[in-house]
Amino acid sequence: MQRSHIPPDGNALHRFVVGRDGEGHWIARDEQGSTGGVFADRSSAVRFATMESGHQAGAIRFAPASVRLSLFN
């Protein structure tokens with residue numbers, strides 16, 4: 001699996017990206033790099049992103065399975 005930067009898709013509503021890191025942990029991070037976390041499961045990562053985005057519809061997108069996220073990239 002490749003490690004890659006997730007390019008913005010042009011939709012200004014997206015604020016968080018959720019996906020897995022190279023060790024299989026779930027990552028939820030703000031696209032601006034201001035907040036994020038490492039989680040044991042997908043639902044916890046989504047819950048965090050949902051709460052941090054104020055429950056705004058369309059604020060979360062998922063990284064493709066071939067991309068490995070990091071809090072620092």
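## The central strand β3

Both faces of β3 are covered, since W26, A28 and D30 on one side are all buried, as are I27 and R29 on the other. Put as a count for the strand as a whole, five of the five residues of β3 are buried, and the strand is thus described as mostly covered. In a regular strand, the side chains alternate between the two faces of the sheet. The model described here is a predicted one, and β3 offers a convenient place from which to explore it.

## Overall make-up

The protein contains one helix and six strands, and, read from the N terminus on, these elements follow the order β-β-β-β-α-β-β. Of its 73 residues, 34% count as buried. The protein exposes about 4,500 Å², and carbon and sulfur atoms supply 53% of that area.

Contacts between residues with a separation of 6 or more can be divided by how far apart the partners lie in sequence: those 24 or more positions apart account for 55% of such contacts in the protein.

## The sheet and its hairpins

Four strands form an open sheet, arranged in the order β4-β3-β2-β5, and their pairing is mixed. The edge strands are β4 and β5 (60-62), each of which pairs on one side only. From one strand to the next, the twist averages 20°.

On one side of β3, five bridges connect it with β2 in the antiparallel sense, and within this pairing F16 stands opposite D30 in β3. The hairpin of β2 and β3 has five residues between the strands, and in this hairpin G24 takes a positive phi near 90°.

The pairing of β3 with β4 is also described as antiparallel, with four bridges joining the two strands, and I27 has V38 as its bridge partner in β4. In the hairpin that β3 and β4 make, there are five residues between the strands, and G33 takes a positive phi near 80°.

## Two salt bridges

The protein has two salt bridges. In one of them D30 is joined to R15, the closest N and O atoms being 2.9 Å apart. Because D30 lies in strand β3 while R15 lies in the loop between β1 (2-3) and β2 (16-20), the pair ties together parts that are 15 residues apart in sequence. D30 is buried, with a relative accessible area of 5%, whereas R15, at 31% relative accessibility, counts as partly exposed.

The other salt bridge is formed by E31 and R61, with the closest N and O atoms 2.6 Å apart. This pair links distant parts of the chain, for E31 is in the loop between β3 and β4 and R61 is in strand β5, 30 residues apart. E31 counts as partly exposed at 30% relative accessibility, while R61 is buried, with a relative accessible area of 13%.

## A residue in the β3-β4 loop

Q32 lies in the loop between β3 (26-30) and β4 (36-39). Is Q32 buried or exposed? Its relative accessible area is 71%, and because exposed means over 50%, Q32 is classed as exposed. Although Q32 and R15 are 17 residues apart in sequence, their C-alpha atoms are 7.8 Å apart in space.

## The nonpolar cores

In soluble globular proteins, nonpolar side chains tend to be buried together. The largest nonpolar core in this model has eight residues in all, namely F16, V18, W26, A28, F39, A45, F48 and A49. At least two residues of this core are supplied by each of β2, β3 and α1 (42-52), and the largest share, three residues, comes from α1. Apart from this core lies another, of five residues, among them V17, I27, A63 and V67.

Which residues does F48 touch, when those up to four places away in sequence are not counted? Its contacts are with F16, A28, T35, G36, G37 and F39. Among these residues, F16, A28 and F39 are listed with F48 as members of the largest nonpolar core.

Note on methods: Residues numbered from 1 in each chain as written. Predicted model: local features only at pLDDT ≥ 70, side-chain atom pairs only at ≥ 80, totals over all residues. Heavy atoms only, no water. Buried < 20%, exposed > 50% of the residue type's maximum accessible area, 1.4 Å probe, protein only. Pairing = 2+ DSSP bridges. Axes fitted to C-alpha atoms, helices over the stretch in contact; angles between N-to-C directions. Salt bridge = Lys/Arg side-chain N within 4 Å of Asp/Glu carboxyl O. Core = buried A, V, L, I, M, F, W, Y, C linked by side-chain atoms within 4.5 Å. Contact = heavy atoms within 4.5 Å. Areas by Shrake-Rupley, 256 points an atom, 1.4 Å probe, with all protein chains shown as cover.
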